[in-house]
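Q: Please take a close look at the nonpolar core of this protein, and describe in one connected account how the parts of the chain around it are arranged.

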Amino acid sequence: MAMSSGGGAGVNSDINVTPMIDVLLVLLIIFMVVIALGRTAIQIQIPPVDTGTAQANAKSDQIVLELKDNGSYAINGQGDFPVEQLDQQIHAVFDNRPTKLLFVKPGPNRKYGEIITALDIARGAGVEVLGWTPIESN
């Protein structure tokens, strides 16, 4: 006669997945919170609604440096001077201004190096903020 001790079940080698699922759910919640807190807001300024007539009649105080196709420069459409006089002209305009903002409007046939040279001269003349206007194609 044979004797058997204990139950007939023996050793169970199945993995208990319940704790593993609990850990994964906790990690998922942690990652969701970290991602949500990691997003930062970008501060933007939206221009006012364009009324058309009010802005057309108002005098603009923006300064635009035009790089003409013939190799000369003009500030707000006035003047036709070479690059050697650009520093003097920019100083004449910006020395008494509190805001030093300049928009650059290159001609469609100007080379990139000439535009960068004009930007460097403007920066050296004390312009703090440089803006860019789109190139008009003929």
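A: In this predicted model, the largest nonpolar core has 17 residues, of which L65, L67, Y73, L86, I90 and L102 touch the most other members. Strand 1, strand 2, helix 3, strand 4 and helix 4 each supply at least two residues of this core, and the greatest contribution comes from helix 4, which gives four residues. As a general tendency, nonpolar side chains in soluble globular proteins are buried together.

To place these elements, it helps to begin with the whole chain, which has four helices and five strands and which, read along the sequence, follows the pattern α-α-β-β-β-α-β-α-β. Of the 138 residues in the protein chain, 20% are buried. Among the contacts with a separation of 6 or more, 61% are between residues 24 or more positions apart.

The five strands form an open sheet with mixed pairing, in the order 3-2-1-4-5. Its edges are strand 3 and strand 5 (129-132), each of which pairs on one side only, and neighbouring strands of the sheet are turned by 25° against each other on average when direction is ignored. Strand 1 and strand 2 run antiparallel and are joined by three bridges, whereas strand 1 and strand 4 pair in the parallel sense over five bridges. Strand 4 and strand 5 also run parallel, and four bridges join them.

Individual residues show how this pairing is laid out. E66 has A74 as its bridge partner in strand 2, and E66 also stands opposite K105 in strand 4. L102, which is among the core residues that touch the most other members, stands opposite L130 in strand 5. In the loop between strand 2 and strand 3 lies N76, whose phi is positive, at about 55°, although N76 is not a glycine. N76 counts as partly exposed, with 36% relative accessibility.

Two helices pack on this sheet. Helix 3 lies across strand 1, strand 2, strand 3 and strand 4, and runs at about 5° to strand 2. Helix 4 touches strand 1, strand 2, strand 4 and strand 5, and the direction of helix 4 makes about 150° with that of strand 5.

Helix 3 (residues 86-94) deserves a closer look, with L86, I90 and F94 as its buried residues. Because these three cover an arc of only 45° around the axis, they are on the same side of helix 3. The face turned away from that buried side carries the exposed residues Q88 and A92. The buried residues of helix 3 pack against strand 1 (63-67), strand 2 (73-75), strand 3 (78-81), strand 4 (101-106) and helix 4 (112-124). Two of these buried residues, L86 and I90, are also among the core members that touch the most others.

Y73, another of those core members, gives a view of the surroundings from a single position. Leaving aside its neighbours within four places in sequence, Y73 is in contact with L65, E66, L67, G79, D80, F81, P82, V83, L86, R110, E114 and A118. This list includes L65, L67 and L86, which likewise belong to the group of core residues touching the most other members.

Two further contacts of Y73, R110 and E114, are themselves joined by a salt bridge, in which the closest N and O atoms are 2.8 Å apart. A search of the whole structure finds one salt bridge. Its two residues differ in their surroundings, since R110 has a relative accessible area of 10% and is buried, while E114 is partly exposed, with a relative accessible area of 33%.

V83, also in contact with Y73, can be related to helix 4 through T117, a residue found in that helix. T117 and V83 are 34 residues apart in sequence, and their C-alpha atoms are 9.0 Å apart in space. T117 counts as partly exposed, at 37% relative accessibility.

Note on methods
Residues are numbered from 1 along each chain as its sequence is written. This is a predicted model: local features need pLDDT of at least 70, side-chain atom pairs count only at pLDDT 80 or more; totals for chains, interfaces and linings use all residues. Side-chain values use heavy atoms; hydrogens and water are left out. Buried means under 20% relative accessible area, exposed over 50%, partly exposed in between (1.4 Å probe, protein chains only). The arc is that of the directions from the helix axis to the C-beta atoms. Contact means heavy atoms within 4.5 Å. A salt bridge is a side-chain nitrogen of Lys or Arg within 4 Å of a carboxyl oxygen of Asp or Glu. Two strands pair if DSSP finds at least two bridges between them. Axes are lines fitted to C-alpha atoms, for helices over the stretch in contact, and angles run from 0 to 180 degrees between N-to-C directions. A nonpolar core is a set of buried Ala, Val, Leu, Ile, Met, Phe, Trp, Tyr and Cys residues joined through side-chain atoms within 4.5 Å.
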